[in-house]
Amino acid sequence: MNRDERIQFAGYIGMLREKRNITVNQLTEGLCGERAARLIVQGKRSTGRPLREALLGRLGVGAEDYECYLGSEEYAQWKMQERTLHCIAYEKTGQAEETLEKYHELYCEQGGGKNHAGEIERKLNRQFYLSMLAQIQRRQGKEAASREGTFTSLMEEALSLTVPEPEKKPLSELALSVRELNLILELERCRKNGRKGLLSGERPERYREVVAYITSGRLDRRGMAKLYPKAVFFLCRCLMEEYGAEEEETDSETRKKYTELFTYCNRALEMLRDNGRMYFLWEILDMRERLFDKLEKLPGSRRGRGEGGDAFLRLQQENARWKQALEDVYAQFRVPKETVDDCWLYRTKGISCTNEVIRIRSRMLGIGAGELCEGVCDIRTLYRIRNGKVSPQRWVTERLFEKLGLFGELVRTELVTGVPEARELMERLRESMNGQHWEEAEEMLERLKQLVSMDITCNRQALQRQEVLLSWAKKEIDKAECSRRLREVLELTLPYKAFLAPGEKYLTHEEQSCIRNMMAGMDKEGEEFQTCLQRFEEIY
């Protein structure tokens, strides 16, 4: 990070801290010392990718919402993490163990060489290592201790690396990332009271504490959708066992308890729906089914054949249809219906290698080496960059990216801005358009134009695309005009013909969105649509 990036990052996390009422000590506790924390918040110290993600995670910002360009060395580390996650998710545990041990050797152990990491980075790298090792154990069904320890001890150590005494303070007094909250959930699930097969050692109040933290406003919408359904499922499962063991309760007391759990499940479904996610969806539907059965058996639940009874029955049947449909699709594609691992919590999308982007994008646009490096660097340096032998200096990347139709900032959301409100407004704008609240969407769009610099091409591209889609939704323009305008928006940074041509591709998220929106208006059997589809298949 250069000086400007350090200052911008410090300003951004400063605004988020103020908004979420998080102190510097809360933000950095367990991650780095007081002096390092002070330098980071003053913009005087660079932060590597693991620490950046950890800080943003504690401020409720999901790393998957960013496009991030890494040098060849940092990219190699991310790629090793991604390979580990992929192997675990697809139950290739042997390959996962092999990759993870190599990762431990390169990034977790003290030593020299180009992979030598500082103390903070090693701590975060080891947390990833331990978390993945625990998941591999779970996949293998191992209860016996590995050379590192049992599943519980692995999770305990992983959490303690960044949250030294998680039981000492209420969670509300801590700043925690989604990953740290997940470790707390997993540890609570491991609690036993000594009686084989029972989980009554779990503490419902601990699960409630996690649920309260998730909904306190400290996490962004996607972060909440990632973890809230899991926390609710753990809480409901724990309490269902507890309620089943209780005796001599009145029907009204029992109804009140089960209705509370039903409310939790309904909110979990809403979060998943609003964010287009499916984490623990089957479990939530299954829990609702169990709750329906419990409530149905209570006297007066159906209220005879009245309106209340009909509504109850419709909801019950609807839940059953949803659950069955989900099971049918999972069976068709041989996917487990249960959410059995946490790989999705560690997945970071939008990561690209600077060297690869420069190589692919220049060929895609037909820009020769001489033209690309003119006024920036000598041609031998460019060849070394394109071959992945050196990571370009920051200013070199900026200049080369500018010639390739890309913005030079290496870590950014869809809008280049240091104003957190702009990011939230984009989410609300999409919600308003999906809900057909046109006037509200127009107001938000105008507000966004005031908050961000429209001189920055990628900002102009993102907001103009939303403007075109809004005009189309309001039927102010027809399909042909919509497609024409979307192409103009795309070509602010990328010629459409360059996308249609064969060969390797690199497109930003926004460029891909422009083309996908154009495809929505194409003949699905036509040559243009089929070519676009083929190009996306080649990319992915």
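In this predicted model, the side chains of Arg394 and Glu398 meet in a salt bridge, with 3.2 Å from N to O. Both residues belong to helix α19 (residues 394–403), and because they sit four residues apart there, about one helical turn separates them. Their surroundings can be described too: Arg394 is buried, with a relative accessible area of 16%, while Glu398 counts as partly exposed at 33%.

## Salt bridges across the chain

How many salt bridges does the count come to? The total is 43. Three of them are set out here.

| Salt bridge | Closest N and O atoms |
|---|---|
| Arg394 and Glu398 | 3.2 Å |
| Arg208 and Glu260 | 2.8 Å |
| Arg465 and Glu510 | 2.3 Å |

Let us follow Arg465 and Glu510 a little further. Arg465 is part of helix α22 (residues 457–473) and Glu510 is part of helix α25 (residues 509–519), so their salt bridge ties together parts of the chain that are 45 residues apart in sequence. Are these two partners buried or exposed? Arg465 is buried, and Glu510 is buried as well.

Some salt bridges share partners, and in this way Glu167, Glu188, Arg191, Arg203, Arg206 and Glu209 are joined into one network.

Now look at Arg208 and Glu260, whose closest N and O atoms are 2.8 Å apart. This pair links distant parts of the chain: Arg208 lies in helix α10 (residues 204–214), Glu260 lies in helix α12 (residues 251–275), and 52 residues separate them. Arg208 is partly exposed, with a relative accessible area of 28%, and Glu260 is partly exposed as well, at 29%.

## Aromatic rings

A pair of aromatic rings is described by the distance of the centres and the angle of the planes. This structure holds 16 aromatic pairs. One of them joins Phe280 and Trp344: the arrangement is edge-to-face, with 6.5 Å from centre to centre and 75° between the planes. Phe280 lies in the loop between α12 and α13 (281–296), whereas Trp344 lies in helix α15 (residues 343–346), so this pair ties together parts that are 64 residues apart in sequence. Both Phe280 and Trp344 are buried.

Why is the pair of Phe499 and Phe536 called tilted? The ring centres are 5.2 Å apart and the planes meet at 55°, so the pair counts as tilted. Here too, distant parts of the chain are linked: Phe499 sits in helix α24 (residues 496–500) and Phe536 in helix α26 (residues 527–539), 37 residues apart. Phe499 and Phe536 are both buried.

Phe280 and Trp344 also appear in a wider group, as they form one aromatic cluster together with Tyr207, Phe233, Phe234 and Tyr279.

## Nonpolar residues, inside and outside

In soluble globular proteins, nonpolar side chains tend to be buried together. The largest nonpolar core here has 79 residues, and those touching the most other members are Leu176, Leu181, Val210, Ile214, Tyr228, Leu261 and Leu291. Which helix gives the most to this core? Helix α11 (residues 221–245) does, with 13 residues. Leaving aside residues up to four places away in sequence, Leu291 touches Met240, Tyr258, Leu261, Phe262 and Cys265.

The surface has nonpolar residues as well. Val329, Phe333 and Val335 form a nonpolar patch there, with about 280 Å² of accessible area together. Of these, Val329 lies in helix α14 (residues 307–332) and counts as partly exposed, at 42% relative accessibility.

Conventions. Residues are numbered from 1 along each chain as its sequence is written. This is a predicted model: local features need pLDDT of at least 70, side-chain atom pairs count only at pLDDT 80 or more; totals for chains, interfaces and linings use all residues. Side-chain values use heavy atoms; hydrogens and water are left out. Patches are made of residues with over 30% relative accessible area and no salt bridge: like charges are joined within 9 Å, nonpolar side chains (Val, Leu, Ile, Met, Phe, Trp, Tyr) within 5 Å. Accessible areas come from the Shrake-Rupley method with a 1.4 Å probe; for residues, only the protein chains shown count as cover. A salt bridge is a side-chain nitrogen of Lys or Arg within 4 Å of a carboxyl oxygen of Asp or Glu. Helices (H or I, at least four residues) and strands (E, at least two) are DSSP runs, numbered from the N terminus. Buried means under 20% relative accessible area, exposed over 50%, partly exposed in between (1.4 Å probe, protein chains only). A nonpolar core is a set of buried Ala, Val, Leu, Ile, Met, Phe, Trp, Tyr and Cys residues joined through side-chain atoms within 4.5 Å. Contact means heavy atoms within 4.5 Å. Rings of Phe, Tyr and Trp (its six-membered ring) pair if their centres lie within 6.5 Å; planes under 30 degrees apart count as stacked, over 60 as edge-to-face and the rest as tilted.
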